Every structure is written in structure tokens, then in C-alpha cells.
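Me: I should be grateful for a close look at a single strand of this structure and at its surroundings. Please describe how its neighbours and side chains are arranged.

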Amino acid sequence: MKVINMGTKAQASFYVACELYKEMAFNAKCNLGLATGGTMTDLYQQLSQLLNDNHLNVNHVTTFNLDEYIGLAKDHNQSYHYYMNKVLFENYPHFNEEQIFIPNGVAQNEQQEANHYEQLLKQNGPRDIQILGIGENGHIGFNEPGTAFDSQTGIVNLTESTIEANSRYFDQPDDVPRQAISMGLSSILQAKRIILLAFGAKKKQAISNMLKLDPTTDVPATILQTHPNVEIYLDTEATPDHLLNKTVK
Ligand code: PGA
């Protein structure tokens with residue numbers, strides 16, 4: 001894993017926006033794995049800016065989002081469908097809608113929806129770049145501690161700590177969904193290249209655990225140690241002390 005302190009969220013986000021932009025520009029079969037959450041806001045803002053400034057053709061681009069809350073419809077203002085529309089797809093309305101994939105959180109049969117999503121992932125082949133955030137408890141996607149490393153897309157129960165962390169986005173704590181459909185850990189690891197972003201002091205311990213612990217389901221992000229092509233971009237606050245001012249491979 002390559003880990004680097006980029007100083008600020010803005011700087012790290014701009015760098016990663018350029019990486020996504022380059023992939024879209026040079027790869028005729030560009031397949032991207034996208035993430036949501038507070039971590040990603042600057043990334044999509046910068047990417048939207050690059051796309052608009054340069055009128056890039058994105059008709060060929062396929063995107064797969066990591067997860068969606070169960071029970072939230074596409075137009076619910078805390079659903080990840082809504083988030084993606086607001087931060088990217090409405091800002092640059094030139095993506096091919098048939099190639100934008102986000103699990104349906106209000107599917108009649110949630111398990112069937114999860115299985116179908118996994119099938120779509122397989123059919124489309126490995127993502128060229130998978131963007132990831134990390135939870136304070138070390139989750140990636142919504143794969144909470146205890147999730148099997150060979151998990152595929154499925155229905156997941158959110159832990160109390162995740163529900164609490166997410167409550168900052170909802171008016172009432174009781175409004176925070178308790179379940180989600182999430183790409184599994186093995187689904188995430190199929191990507192050719194993985195880029196993880198983490199900002200702020202609250203993520204520092206999770207980053208430290210991810211780097212230092214032997215792979216353990218207690219900290220799902222430790223599975224990334226087994227992938228050959230992972231880059232981690234941090235701000236200073238999220239960077240473990242032993243890595244400050246250093247780049248390690
Ligand atoms: P956040 O979530 O970006 O809102 O902090 C990240 C995550 O839980 O993966």
C-alpha cells in the first residue's frame with residue numbers, strides 16, 4: 001500500500017479528481033467504483049469542474065456505487081442516489097444513465113437486488129479504479145467489523161457506531177437507516193486499482209489500524225493489505241504520527 005499525507009482535503013481531492021478524469025479521458029471502457037459520504041464532497045466538486053471546463057465525453061463511462069441505504073428512495077435527500085445526482089450527475093449531465101449503477105434501496109426483494117448488483121459487477125468486469133472512504137470503525141463500503149473477507153454484495157446491518165456517525169446527516173437520530181445494500185469485501189477487491197481517502201482526526205485511528213494490524217475481520221479495511229494496487233491519500237489530521245512527512249511503500 002502506498003500511503004501519503006497530502007496536507008489538506010482540498011489537495012488530496014484535486015489529485016484524485018485528476019486521476020478519475022484521466023481514466024475517463026484515456027480509457028475507452030472506463031469502469032469506475034464510486035463512494036459517497038462527507039469525505040468525497042471536494043472530490044466530486046473538483047471532478048465536476050474539470051469535466052465542465054473541458055467538456056469531456058463521458059458517454060463510455062460506467063460507474064458502480066458502493067452502497068445504498070435500505071428504505072430510502074432515490075429522491076430521499078439522504079439517499080446515495082440523491083447524493084450522487086447532486087454532487088456529480090446533475091453538475092455534468094452527460095453520463096449515460098444506463099451505465100450508472102447504484103443499488104436500489106427500496107427494491108421489493110432486497111436480497112434479489114443485492115444478488116443482481118453482484119451479477120452486474122461481474123458482467124462488467126473489474127473496475128479500473130475503486131474509490132473508498134473508511135469508517136471510524138474501519139469499515140469500507142458498509143462492510144462492518146466481522147464481515148467475512150469473501151463477502152459479496154449483500155444486505156448489511158449497520159453498527160451502532162456507524163449509525164451514530166451517520167446521524168450527523170439526518171434531522172433525527174431515529175431517521176438513520178439501520179441497514180444497507182453494500183458491495184462486499186471480495187467485490188471491492190476485484191478492482192484493478194483502489195484509492196482510499198480519509199480526512200480529519202476522527203479517521204486517524206482507523207488508518208493506523210488498517211496499516212498496522214495483520215488482516216483481521218475486526219477491521220475490514222485491513223483486507224486492503226492483500227490487494228496489489230492500493231493508494232491512500234490523507235490530510236495531516238488523519239495521518240498516523242509515524243507517517244508524518246514520509247511516504248511509505
Ligand atoms: P464519511 O463516511 O465520508 O461520511 O466520513 C466514510 C465511510 O463511512 O466510509
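Reply: Val3 stands opposite Ile232 of strand E10 in this predicted model. Val3 belongs to strand E1, residues 2-5, which runs parallel to E10 and is joined to it by 4 bridges. Strand E9, residues 194-198, also runs parallel to E10, and 5 bridges join the two. In that pairing, Ile195 is the residue opposite Glu231 of E10. Between E9 and E10 the chain passes through helix H7, residues 204-212, in a right-handed β-α-β crossover.

The side chains of E10 may be taken next. In a regular strand, side chains alternate between the two faces of the sheet. In E10, Val230, Ile232 and Leu234 point one way, while Glu231 and Tyr233 point the other way. Residues on both sides are buried, Glu231 and Tyr233 included. Because 5 of the 5 residues of E10, residues 230-234, are buried, the strand is largely enclosed by the rest of the structure.

As to the wider chain, the unreviewed UniProt entry annotates residues 18-226 as "domain: Glucosamine/galactosamine-6-phosphate isomerase". Over residues 18-226 the chain is 33% helix and 14% strand, with 26 Å between the end C-alpha atoms.

The cysteines deserve a brief remark, since the structure holds 0 disulfides. The cysteine sulfur closest to that of Cys18 is in Cys30, and at 14 Å it is too far for a bond. Cys30 is likewise in no disulfide. Cys18 counts as partly exposed because its relative accessibility is 21%, whereas Cys30 is buried, with a relative accessible area of 0%.

Methods:
Residues numbered from 1 in each chain as written. Predicted model: local features only at pLDDT ≥ 70, side-chain atom pairs only at ≥ 80, totals over all residues. Heavy atoms only, no water. Disulfide = S-S within 2.5 Å. Buried < 20%, exposed > 50% of the residue type's maximum accessible area, 1.4 Å probe, protein only. UniProt positions renumbered as here; feature names shortened; annotations may be inferred. Pairing = 2+ DSSP bridges. Right-handed = clockwise from strand over helix to strand, strands pointing away.
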